[in-house]
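Subject: That structure I promised you

Hi,

Here is the structure we talked about. Have a look at it first, and then read my notes underneath.

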Amino acid sequence: MLSQNFMLEKDPLSLERIRQILVRLEDTIIFDLIERAQFAHNPRIYIRGSFEELRDMGFDGSWLEWFLKEIETFHARARRYTSPDEYPFTSNLPDPVLLPLAFPKILHPNTVNANPSILSFYTRSIVPRISRRATLALAAIKRSNGIIGDEEYEDDGNYGSAATIDVEVLQAISKRVHYGKFVSESKFSANPSAFVPHILNPNPAALEALITKPEVERKLLQRLRKKAATYAQEFSSDGDAIPNPHLNGSAKIDVDGVVELYESYIIPLTKEVEVDYLLHRLDGLSQEEIDALMAQS
């Protein structure tokens with residue numbers, strides 16, 4: 001897995017090493033979204049109880065939730081979720097078949113988990129936008145075959161293919177958002193006395209100010225737009241990009257949609273994770289331990 005070697009590095013809280021992970025995750029998320037954009041919206045797969053076949057099996061969740069459960073069950077047996085940067089969307093998973101790797105204790109014990117929010121914004125906001133081009137193309141084909149009205153939109157029947165990619169996107173976004181904990185721990189460890197007063201007297205706004213770097217966020221969004229625009233191009237057989245003056249309208253991915261995913265969802269949710277983690281950073285510590293932290297420069 002991407003993260004395990006990183007977790008076993010000598011300095012896993014190095015902000016530069018964390019940044020390298022986050023930059024690679026940008027590529028993963030963009031490419032997965034390009035794959036998802038091939039298929040129509042298929043809203044049925046996100047509605048709980050909409051598949052009789054699953055209800056007959058005793059499962060009352062959505063098609064995507066069933067996919068997550070089945071895939072994450074296998075991943076749990078392969079000890080994926082013993083890594084401190086992996087967060088499943090499914091509860092009550094089985095124990096690993098293999099013994100867990102001996103990861104160092106990097107994070108303070110916590111229960112911060114943003115996956116319910118990630119699943120909600122992805123299925124309700126991101127999928128409809130990313131899949132819009134395929135959905136409209138599908139509607140045109142259906143109209144040419146005499147199918148009109150509500151039946152012409154949204155559903156291409158590729159439930160398995162769409163959900164498979166959805167799982168990959170969700171897992172990558174989850175990893176990216178929860179890496180906020182490592183960012184918070186790194187900054188806290190570097191200067192605990194700056195954070196402790198705002199934790200003891202809970203001040204989320206002050207904690208967010210300590211971890212927020214507007215210039216870093218601006219450069220991230222610039223880099224993301226350039227990457228998405230590059231990856232969204234069509235290429236000729238000899239590898240040259242095919243000029244397209246209307247890139248965002250007919251490209252493989254909605255570039256603005258990718259940027260909005262980060263700007264409106266991933267970055268704000270990551271900050272929430274970072275602040276929530278910090279608010280619980282002193283849980284279980286004695287007064288002597290807190291005093292020792294305050295004494296650190």
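What volume does the largest cavity have? About 40 Å³. Please keep in mind that this is a predicted model, so everything below was computed from it. The structure holds one cavity of 30 Å³ or more.

If you want to find that cavity on your screen, look for E72, R80, Y81, D85, E86, Y87, P88, Q171, S174 and K175, which line it. By type, five of the lining residues are charged, three are nonpolar and two are polar. Helix α7, residues 159-178, gives the most to this lining, with three residues.

Now zoom out to the whole chain. You'll count 14 helices and zero strands, so to speak a run of α after α when you read along the sequence. The C-alpha trace spans about 75 × 50 × 35 Å along its principal axes. The chain has 297 residues, and 45% of them count as buried. As for the outside, about 15,400 Å² is exposed, with carbon and sulfur atoms supplying 53% of that area.

How does the chain contact itself? Take the contacts between residues at least 6 apart in sequence: 71% of these join residues at least 24 apart.

Next, the inside. In soluble globular proteins, nonpolar side chains tend to be buried together. Here, the largest nonpolar core has 51 residues, and L33, W63, I118, Y122, I173 and I253 are those with the most contacts inside it. Two or more residues of this core come from each of α2 (15-36), α4 (63-77), α5 (115-130), α7, α11 (214-231) and α13 (255-279). Which helix gives the most to this core? That is α7, with ten residues. You met α7 above, as the helix that gives the most to the cavity lining.

W63 is a good residue to click on. Leaving out residues up to four places away in sequence, W63 touches I45, F51, L54, Y159, G160 and A163.

There is also a second, separate core, made of twelve residues, among them Y87, Y179, F182 and V183. Y87 may look familiar, since that residue is also part of the cavity lining.

If you only have a few minutes, I'd start with α7 and then go to W63. Send me your questions whenever you like.

Cheers

Methods
Residues numbered from 1 in each chain as written. Predicted model: local features only at pLDDT ≥ 70, side-chain atom pairs only at ≥ 80, totals over all residues. Heavy atoms only, no water. 1 Å grid on protein atoms, 1.4 Å probe; cavity = no way out; pocket = protein on both sides within 12 Å on 5 of 7 lines; lining within 4 Å. Points joined across faces, edges and corners; volume = space filled by probe spheres on them. Helix = DSSP H or I, 4+ residues; strand = E, 2+ residues; numbered from the N terminus. Nonpolar A, V, L, I, M, F, W, Y, C, P; charged D, E, K, R; others polar. Core = buried A, V, L, I, M, F, W, Y, C linked by side-chain atoms within 4.5 Å. Buried < 20%, exposed > 50% of the residue type's maximum accessible area, 1.4 Å probe, protein only. Contact = heavy atoms within 4.5 Å. Areas by Shrake-Rupley, 256 points an atom, 1.4 Å probe, with all protein chains shown as cover.
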